[in-house]
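Me: Please take a close look at a single part of the structure shown below. I would be grateful for one connected account that also places this part within the whole chain.

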Amino acid sequence: MRKIIILCGALAVSTLAMAQDLPEMSYEIDITQNLDTFFVTLSPATTLDKSARIYQFAATAPGTYQTMNLGRFVSLFRAFDKKGRELLVTRKSVNQFEISKPHKIAKITYQMAETFDTPVEDFPVYLMCGSSIEEDHALINTHTIMGYFEGYQKSPISISVTGKDDWKIGTALPMEGNRFLASSFDHAVDSPILMGELSFADTTIADTQVEIYTYSQQGKFDSKSLLAGMSDMLDATLQFLVELPVDRYTFLYFFEPGLTGATGAWEHSYSSEYVLEEKDPTAEYMQSVTDIASHEFFHIVTPLNIHSEIVESFNFVSPTPSVHLWMYEGVTEWASNMLLYRGGVVEEEDYLQNAIATKILVDEKYFDPTWSLKKLSDESFNGGAASKQYANIYFRGSLVAGLLDIRLLELSGGQAGLRELMLKLIDQYGKGKPVSEKTFFDDLTAMTYPEIRDFFDQYILAANPLPHEEYLAKIGLELTRGESGISVTKMKEMSEDQRKLFEAWSKNL
Ligand SMILES: [Zn+2]
């Protein structure tokens, strides 16, 4: 079973047009005073509205499907007017501070404990979504440092981090002088910052500029070797998608031995952040790092491009699940493996074993079969038992996407599978044009075949047993259950129909 958890982030819609009417929020973040604490000062550029009484810290963040309550890490929250007089502040809830006269605010100051070294009783913040300051690096996922005034979520933001002058900086955020710029709070949250003693490498895939920054405490990993390990994957992604929907992309890697807590990766619109155990870089480990990168990079399709309105207008106050988690995570996990197989990066035998047989075994052996993909989504923010089931989105979710691919190929006579449907969705939807949370299943049915509605009902909305044997047989594959586990192999003799569908299934149409 995979120990690491893979996360994905969603997008920040460009809000520059609206942001022009809102004052800039200038953040000064001092990381030199104490190794475990961020000292934050926020100065709005102009007077705030009287209604901006609440300063909000994030309860969650896009793509994490996790309650985080960042207000837990705040201390010494204070507000001042322009004469330096303190304004009355009342804590309303774990994530909300109320300021008595918001129109008089000249600045607020507070301290934020880093999440890596601050124990909490429940809802631990995944490392790749967290923050860390040490002598040789700082990892800043901005929602762990910053909040926003009610009504000013779309204000443009500028951030200055007082760190060490010789540190390298990796981020997808644009910079002006020594300040990071974001078009809104959402944009900032979408753009982690990694600073410190980092190695760097870059390349170009088609027209997309790819940059890699790596912090490796023991020096076992560097950006050049990570890039070398990923280049076939990046080429295979390009083949699968025909063209990449981003013009630039930044991989931020953080390796440290002995990490405690959930490691993995978090995906964003123009970057992804990886916090991984620093082990010996064996071929096997490098492969697993590349597999994670393949998954994260594919998120540029969904939820970055294709998502419902729940993701598009993100609610940082109350975590709100989207029923289309099956696509954001399940389809992404399926595609990130399938594109490696179809691109010739992964051998057929390995694909059948790792992406199908092992996932079936894990789904059946380690997770509750009564939890539908819809329930995984509904319960994702609830912690406890729900968080134990959540990881099945990478197993059952991927398997259901694979079955959907086979069903679509069957119904179209081998003309169009799930990849072709995703390419159609990229054309039809995108940033600023979300799919409908409510009608998307019907819309997909209308785009494909009436039978697909029944597929969604049975295997996404309900938790019916997955018809692996039946569906794999359609493409000439045989599933065997034995004492040593499950295996999937090619049938020795295939019918003409099976051979035709296998051909269609095994390559990019
Ligand atoms: Zn993901």
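Reply: In this account a strand is a DSSP run of E of at least two residues, a helix is a run of H or I of at least four, and both are numbered from the N terminus. The model is predicted. The part chosen here is strand β16, together with the sheet to which β16 belongs.

The sheet is open and has 8 strands, in the order β6-β5-β9-β3-β2-β13-β16-β15, with mixed pairing. Its edges are formed by β6 (86–87) and β15; each has a single partner strand, so one side of each lacks a neighbour in the sheet. In the strand order, β16 stands between β13 and β15.

Strand β16 covers residues 179–182, and its side chains alternate between two faces. F180 and A182 point to one face and are buried, whereas R179 and L181 point to the other and are not. Buried here means under 20% relative accessible area.

On one flank, β16 pairs with β13 (residues 157–162) in the antiparallel sense, over 4 bridges. Within this pairing, I159 of the neighbouring strand has F180 as its bridge partner. On the other flank, β15 (residues 175–176) also runs antiparallel to β16, and 2 bridges join them. Here M175 stands opposite F180, and E176 stands opposite R179. F180 therefore has a bridge partner on either flank, I159 and M175, while its side chain is on the buried face of a strand whose side chains alternate.

The connection between β15 and β16 is a hairpin with 2 residues between the strands. One residue of the turn, G177, has a positive phi of about 60 degrees.

S160, which is found in β13, links that strand to the hairpin by its contacts. S160 is buried, with a relative accessible area of 8%, a value that falls below the cut-off of 20%. Neighbours within four places in sequence aside, S160 is in contact with Y27, E28, I29, N178 and R179. One of these, R179, belongs to β16 and has a side chain on the face that is not buried.

Further along the strand order of the sheet is β5, and L76 has its place in this strand, which spans residues 74–80. The phi of L76 is near 50 degrees, a positive value in a residue other than glycine. Most residues other than glycine have a negative phi, and most peptide bonds are trans. L76 is exposed, with a relative accessible area of 58%, and the cut-off for that class is over 50%.

Two further backbone features may be set beside L76. V242 also has a positive phi, near 70 degrees, and is not a glycine. V242 is found in the loop between α3 (223–241) and β20 (248–256), and at 57% relative accessibility V242 counts as exposed. The other feature concerns a peptide bond: T302 and P303 are joined in the cis form, with omega about 10 degrees. P303 lies in the loop between α4 (283–298) and α5 (309–312).

For comparison with β16, strand β22 (residues 271–277) may be considered. β22 is mostly covered, with 6 of its 7 residues buried. β20 runs parallel to β22 and is joined to it by 7 bridges; among them, E256 has E277 as its bridge partner in β22. β21 (residues 264–267) runs antiparallel to β22, with 4 bridges, and E267 has S272 as its bridge partner there. A hairpin joins β21 to β22 through 3 residues.

These parts belong to a chain with 15 helices and 24 strands. Its radius of gyration is 23 Å, close to the 23 Å that the globule rule gives for 509 residues, so the chain is as compact as a globular protein of that length. The C-alpha trace spans about 85 × 50 × 45 Å along its principal axes. Buried residues account for 58% of the 509 residues. Of the contacts with a separation of 6 or more, 70% are between residues 24 or more positions apart. The accessible surface comes to about 20400 Å², and 48% of this area belongs to carbon and sulfur atoms. The chain carries 43 positive and 71 negative charges, whose mean positions are 6 Å apart.

Terms used:
Residues numbered from 1 in each chain as written. Predicted model: local features only at pLDDT ≥ 70, side-chain atom pairs only at ≥ 80, totals over all residues. Heavy atoms only, no water. Rg over C-alpha atoms; globule rule 2.2 N^0.38 Å. Buried < 20%, exposed > 50% of the residue type's maximum accessible area, 1.4 Å probe, protein only. Contact = heavy atoms within 4.5 Å. Areas by Shrake-Rupley, 256 points an atom, 1.4 Å probe, with all protein chains shown as cover. Lys, Arg positive; Asp, Glu negative; His and termini not counted. Charge placed at Lys NZ, Arg CZ, Asp CG, Glu CD. Pairing = 2+ DSSP bridges.
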